[in-house]
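Let's take a walk through this structure together. Have the sequence and the 3D view open, and look for each residue as it comes up.

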Amino acid sequence: MSLALDKPRQPRRPAARRSNGELYSWLFMRLSGLLLVVLVLGHLFIMNILDGGVHKINFGFVAGRWANPFWQAWDLIMLWLAEIHGANGLRTVINDYARKDGTRFWLQLMLAASVVLILGVGTLVIFTFDPNI
Ligand code: HEM
């Protein structure tokens with residue numbers, strides 16, 4: 001029985017072209033994770049447990065919350081951190097598991113496109129939400 005692992009597929013770059021990008025990415029995952037604990041658990045508690053839980057959520061509730069810049073900022077920061085943290089995690093997973101260069105390229109491209117789309121639409125909604133429609 002062989003328990004040998006495949007060699008890492010992440011391409012090795014020559015020393016002159018190495019940067020600290022992966023170090024900052026590693027650090028970002030830890031720092032954003034810490035902030036996400038507060039933002040996501042707070043969000044879960046406020047939206048799903050406090051004051052009748054999920055049943056209280058409707059258009060009026062959202063309109064009331066987003067009338068306050070504090071909750072706009074909370075949701076905006078949570079959106080950006082969760083999206084970039086999740087996508088950066090998935091980038092690592094793709095680099096670890098994609099066997100062919102072509103597969104890796106297309107998966108990373110789709111991931112990048114989804115990040116731009118979600119951040120774009122989400123940010124637009126938070127800033128242009130109109131409670132009077
Ligand atoms: C609630 C607080 C969170 C904490 C404390 C946290 C912490 C972390 C840490 C430290 C890593 C790096 C693990 C490693 O390098 O081996 C990581 C990876 C990851 N996180 Fe989070 N995270 C949180 C929330 C989230 C959320 C909300 C998402 C999705 C939007 C997410 C998606 C991921 C993914 C996809 C990875 C990569 C997994 C892997 O490498 O196998 N995390 N997380």
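Which helix does histidine 43 lie in? Histidine 43 belongs to helix α1. Keep in mind that you're looking at a predicted model.

Let's stay with this residue for a moment. Histidine 43 counts as partly exposed, because its relative accessibility is 23% and the partly exposed class sits between 20% and 50%. Setting aside residues up to four places away in sequence, histidine 43 touches Asn48, Arg65, Trp74, Asp75 and Met78. Now find tryptophan 71, which is 28 residues away from histidine 43 along the chain. The C-alpha atoms of these two residues are separated by 9.9 Å.

One of the partners of histidine 43 is Arg65, so let's go there next. Arginine 65 is in helix α2, which covers residues 59–66. Is arginine 65 buried or exposed? Arginine 65 is buried, because its relative accessible area is 9% and anything under 20% gets that label. Apart from residues up to four places away in sequence, arginine 65 touches His43, Met47, Trp71 and Asp75.

Now zoom out to whole helices. Two packed helices are described by the angle between their axes and the distance between the axes. Start with α1, which spans residues 21–48, and α3: they pack at an angle of about 135°, with their axes 9 Å apart. That angle makes α1 oblique to α3. Their crossing is left-handed. As for the residues in this contact, 15 are nonpolar, eight are polar and three are charged.

Serine 25 is another residue to find in helix α1. Serine 25 is buried, with a relative accessible area of 14%. If you leave aside its neighbours within four places in sequence, serine 25 is in contact with Asn88 and Arg91.

How do α3 and α4 pack? The angle between them is about 175°, and their axes are 10 Å apart. Because angles over 145 degrees count as roughly antiparallel, that is the label for α3 and α4. Plenty of residues take part in the contact: on the α3 side they include Leu76, Leu79, Ile84, Ala87 and Ile94, and on the α4 side they include Leu107, Leu111, Val115, Leu119 and Ile126. Sorted by class, the contact of α3 with α4 has 14 nonpolar, six polar and four charged residues.

Which residues make up the largest nonpolar core? There are nine: Trp66, Leu79, Ala87, Ile94, Ala98, Leu111, Val115, Leu119 and Ile126. Helices α3 (69–97) and α4 (101–128) each supply at least two of this core's residues. The biggest share comes from α4, with four residues. There is also a second, separate core of five residues, and Leu36, Trp74, Met78 and Leu81 are among them.

Two members of the largest core deserve a closer look. Alanine 87 lies in helix α3. Alanine 87 counts as buried, since its relative accessibility is 11%. Leaving aside neighbours within four places in sequence, alanine 87 is in contact with Leu111 and Val115. Both of those partners are also listed in the largest core. For a sense of distance, try glutamine 72: it is 15 residues from alanine 87 along the chain, and the two C-alpha atoms are separated by 22 Å. The other core member is isoleucine 94, which touches Arg104, Leu107, Gln108 and Leu111, not counting residues up to four places away in sequence.

Finally, move to the loop between α1 and α2, where you'll find aspartate 51. Is aspartate 51 buried or exposed? Aspartate 51 is exposed, because its relative accessible area is 63% and the exposed class begins over 50%. Check its backbone too: aspartate 51 has a positive phi of about 50°, although it is not a glycine. From aspartate 51, look across to isoleucine 84, which is 33 residues away along the chain. Their C-alpha atoms are separated by 31 Å.

Definitions and conventions:
Residues are numbered from 1 along each chain as its sequence is written. This is a predicted model: local features need pLDDT of at least 70, side-chain atom pairs count only at pLDDT 80 or more; totals for chains, interfaces and linings use all residues. Side-chain values use heavy atoms; hydrogens and water are left out. A nonpolar core is a set of buried Ala, Val, Leu, Ile, Met, Phe, Trp, Tyr and Cys residues joined through side-chain atoms within 4.5 Å. Buried means under 20% relative accessible area, exposed over 50%, partly exposed in between (1.4 Å probe, protein chains only). Contact means heavy atoms within 4.5 Å. Axes are lines fitted to C-alpha atoms, for helices over the stretch in contact, and angles run from 0 to 180 degrees between N-to-C directions. Angles under 35 degrees count as roughly parallel, over 145 as roughly antiparallel, 65 to 115 as roughly perpendicular and the rest as oblique. A crossing is left-handed if the near helix is turned anticlockwise from the far one by less than a right angle, and right-handed if clockwise. Ala, Val, Leu, Ile, Met, Phe, Trp, Tyr, Cys and Pro count as nonpolar, Asp, Glu, Lys and Arg as charged, and the others, Gly among them, as polar.
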